[in-house]
Amino acid sequence: MLDMLFTGWGAFWMTLFMLVPFAAIFFYVVYRKSVTDSGPGTTPPATMSRIEGIWLAVVFVVFVGVNLGSLKYMPTIKAAHAATSNQPLHEVDVSATSWAFDISNRQIEAGSTVRFSGRSKDTMHGFAVYHPDGRMLFTMMLMPGLKNPTTLVHTFKEPGKYKVRCLEYCGIAHHAMQDELIIARNN
Amino acid sequence: MTIATAIIQKTPIFGKMFAVDKSTGLEEINAWPALMIMASFVWLVVAGLFGFVMPATQIFDLNTDHFYTTLTLHGAALAFPFSFQLMMGVGLHRSGGCVGKGVTGWLPAMAFIAMNLGAALLTVGVLMGLKVSLVVMYPLPLVGAQMGVWSMNAVVVGFSGIYLVLACMILLYPILVIKMLFFGKKRPDLVLSERSLNDPGMLGMILSALTLLIAGTPLVIVGTTVMAALYGIIPMSMAAWATEPVVFQYAFFIFAHNLMEAMALMVMSAMYATLPLYLADGTRKLFSNKLANLALWILLLTSVTSFLHHFITLTPNQPAVLSYWGNIMSWGTGIGAAISIFTVLATIWQHGLRAEPGIMAALIGWVLYILDGASAVVTSNVAWSYQLHGTMWQSGHTMTVIVAMSIMWMGVLYHHYPVITGRKLDPVLGSWFVRLFTIGGIGAAVAMLAGGAAGMPRRFAAWNQEGWMFYGNLIVIFGLILGASFVVYMYNLMKSREISAPMGEMARA
Ligand SMILES: [Cu+2]
């Protein structure tokens, strides 16, 4: 369930989950109090404070729930999990220059856990990996001039061709800065 | 007659929309704000034209260079000389009338010149080849010059423009607001709608001006050092620290993020001031001033450090604990928003609403702003950031926040327009404006967020992959509707009619 929520489309539905009830209540209140009956409200102050309390409590619960739920998906936590599990960690170094990637290993076995370490040699670049079905799995920001690489741990489950794209605008051939990872079937 | 009034009079087409009413003795409050607002609409037209060329280059498969040129020009024109300048104009008019002080002297003139000359120079720089996007993607300007993609001259011209725009936003405008609110003598003849500084309608102005000054200072220091080196005043080696990408990026986003928050504070404040004037029972008061102010303070305190969410995907170079801090602070702004949602709706519920186009524009602009807030906190989450950063989601967020705030100001302008020009706007055209931007604004926002959710990259000249063109087409359709709403708004300004009643009296009503 949470695996579905913390995806691109999960974010989209989460946004609508916050927006739609708000918009519905907004248009109801505005319509009712400007068209149907614009007279002064008769709701007693005690009821108003109760509504206020409930509303803020709901917001608070969503706030805490989402951000606790997301902890598990934080890269640092993922990396810590990978380090404590017995699975071998495959190291892949990525070096970005306008407008190409240098990737130390483009052939990875399905099921293996990879730590990508990325650097940029000139300007800001991104390193985004797309699933063969077109959705983006993750993106990393590669900033030039840093001592340490940007890192991320990811486990590839399904075999296939995974597109790599730069997602930090880097000049006139930015869109052409692409590469590919081959995730081979595990035998 | 002031210089500002004279410039408006001499400007073709747009001058007619904002011709200042000289019969009321309020020219000192009206003239410079009117000129700034007029100029902002000129830039809106510029931004709109570039905004349509941008997707057209993709649909008709034109040279990708044109996409990146229009991308840079569209974003820059929309954010600074349109949106910020509109806010500056309406905001100064509000401040003047609330504290009874004129918008006169060299400060408004300098702010106006810095913003417009700066934006013009940046445009020239971009047309000379500097395609660096709205956020300059430092060190891209220098790297592009080294690679020979554009000339060093284009960098110097473009950076000079950006520097002037920043000088207006970080120094001149905030100082002008602070000067008006805290210094000088109140002139009873200039007081239109008196407010104390602790009024929610005024508090946001103060917090916002201070935020711009404080959050902008690191960027002023870094920017001044880089500019001095570019002009050869100091050797490049002395500017080495400031040209470090990490230094520039953080200084830039501490400001850029808080710029958006400052604009939000200012527009919420204007909303808190304007809404009570349109309550059906004539109460002229918010449901609770205390709650309104609390929301502003929460917004301020949580927003200052939430800029860290821009660098979540840089982990571990940005320590994970800072990323999580940025995450929590961003969601904290949501608590502020929740309180303002309650305040606004409770005010309408208890006192009824006179649903005139101006206040409806401000209110629905605010709905768009809340929609944007939801998309913003979602992408600021440490998990979602990895799936959304650098996608169309981010463009959707940026565009929506700018459009939402601009529409709120355009709604508030409805209230100020008769005072400035002695003319009134047509309510039928007004409600068409509201209808069209509601469909166009919400539609374009949702289409862009959906594109981002599907992995469609932003600032990317090849939408014809993975079926992203579908979202591109939706964005164009809703963008056209949004554009049409702005055309209707400006047509309304052009066709505004003289008010028969003496304006001096009405302005003070
Ligand atoms: Cu790149």
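**Notes on a two-chain predicted model**

1. Let's start at one residue: B:F342 lies in helix α12 of chain B. (Helices are DSSP runs of H or I with at least four residues, strands are runs of E with at least two, and both are numbered from the N terminus.) At 8% relative accessibility, B:F342 counts as buried; buried means under 20% relative accessible area, exposed over 50%, and partly exposed in between, with a 1.4 Å probe and protein chains only. What does B:F342 touch, leaving aside neighbours within four places in sequence? Its contacts are A:M48, A:I51, A:E52 and A:W55 from chain A, plus B:F287 and B:L291 from chain B. Contact here means heavy atoms within 4.5 Å. As for B:C168, it sits 174 residues from B:F342 in sequence and 34 Å away in space, C-alpha to C-alpha.

2. A word on ground rules. This is a predicted model, where local features need pLDDT of at least 70 and side-chain atom pairs count only at pLDDT 80 or more, while totals for chains, interfaces and linings use all residues. Residues are numbered from 1 along each chain as its sequence is written, chains are lettered from A and ligands numbered from 1 in the order in which they are written, and side-chain values use heavy atoms, with hydrogens and water left out.

3. Now chain A as a whole. It has 4 helices and 9 strands, and along the sequence they run α-α-α-α-β-β-β-β-β-β-β-β-β. Its radius of gyration is 23 Å, well over the 16 Å that the globule rule gives for 187 residues, so chain A is more spread out than a compact globule. (The radius is taken over C-alpha atoms, and the rule is 2.2 Å times the number of residues to the power 0.38.) Along the principal axes, the C-alpha atoms of chain A fill a box of roughly 70 × 45 × 35 Å.

4. Staying with chain A: 47% of its 187 residues count as buried. Among its contacts with a separation of 6 or more, 64% join residues 24 or more positions apart. About 9,200 Å² of chain A is exposed, with carbon and sulfur atoms supplying 63% of that; accessible areas come from the Shrake-Rupley method with a 1.4 Å probe, and for residues only the protein chains shown count as cover.

5. Chain B has its own make-up: 18 helices and 2 strands. Its radius of gyration is 22 Å, which agrees with the value near 23 Å for a compact globule of 509 residues. The C-alpha box is roughly 65 × 50 × 45 Å along the principal axes. In chain B, 68% of the 509 residues count as buried, and 82% of the contacts with a separation of 6 or more link residues 24 or more positions apart. Its accessible surface comes to about 16,500 Å², 70% of it from carbon and sulfur atoms.

6. On charges, chain A has 16 positive and 13 negative side chains, with the centres of the two sets 4 Å apart. Chain B has 23 positive and 17 negative, and there the centres lie 7 Å apart. Lys and Arg count as positive, Asp and Glu as negative, while His and the chain ends are not counted; each charge is placed at NZ of Lys, CZ of Arg, CG of Asp or CD of Glu.

7. The start of chain B deserves a look. In helix α1 (residues 3-10), B:A4, B:T5, B:A6 and B:I8 are buried. Their cover includes α2 (14-17) and α3 (27-59) of chain B. In the loop between α1 and α2 comes B:I13, which is exposed, with a relative accessible area of 55%.

8. Some backbone oddities to check by eye. Most residues other than glycine have a negative phi, and most peptide bonds are trans. B:I13 has a positive phi of about 60 degrees although it is not a glycine, and B:R284, also not a glycine, has a positive phi of about 60 degrees. B:R284 lies in the loop between α10 (245-274) and α11 of chain B. Which bonds are cis? One is the peptide bond from A:S98 to A:W99, with omega near -5 degrees; A:W99 is in the loop between β1 (89-97) and β2 (100-103) of chain A. Another is the bond from B:T315 to B:P316, with omega near 5 degrees, where B:P316 sits in the loop between α11 (289-303) and α12 (320-351) of chain B.

9. Last, the cysteines. How many disulfides does the whole structure hold? The search finds 0 over all chains, a disulfide being a pair of cysteine sulfur atoms within 2.5 Å. A:C166 is buried, with a relative accessible area of 0%, and B:C98 is buried at 5%.
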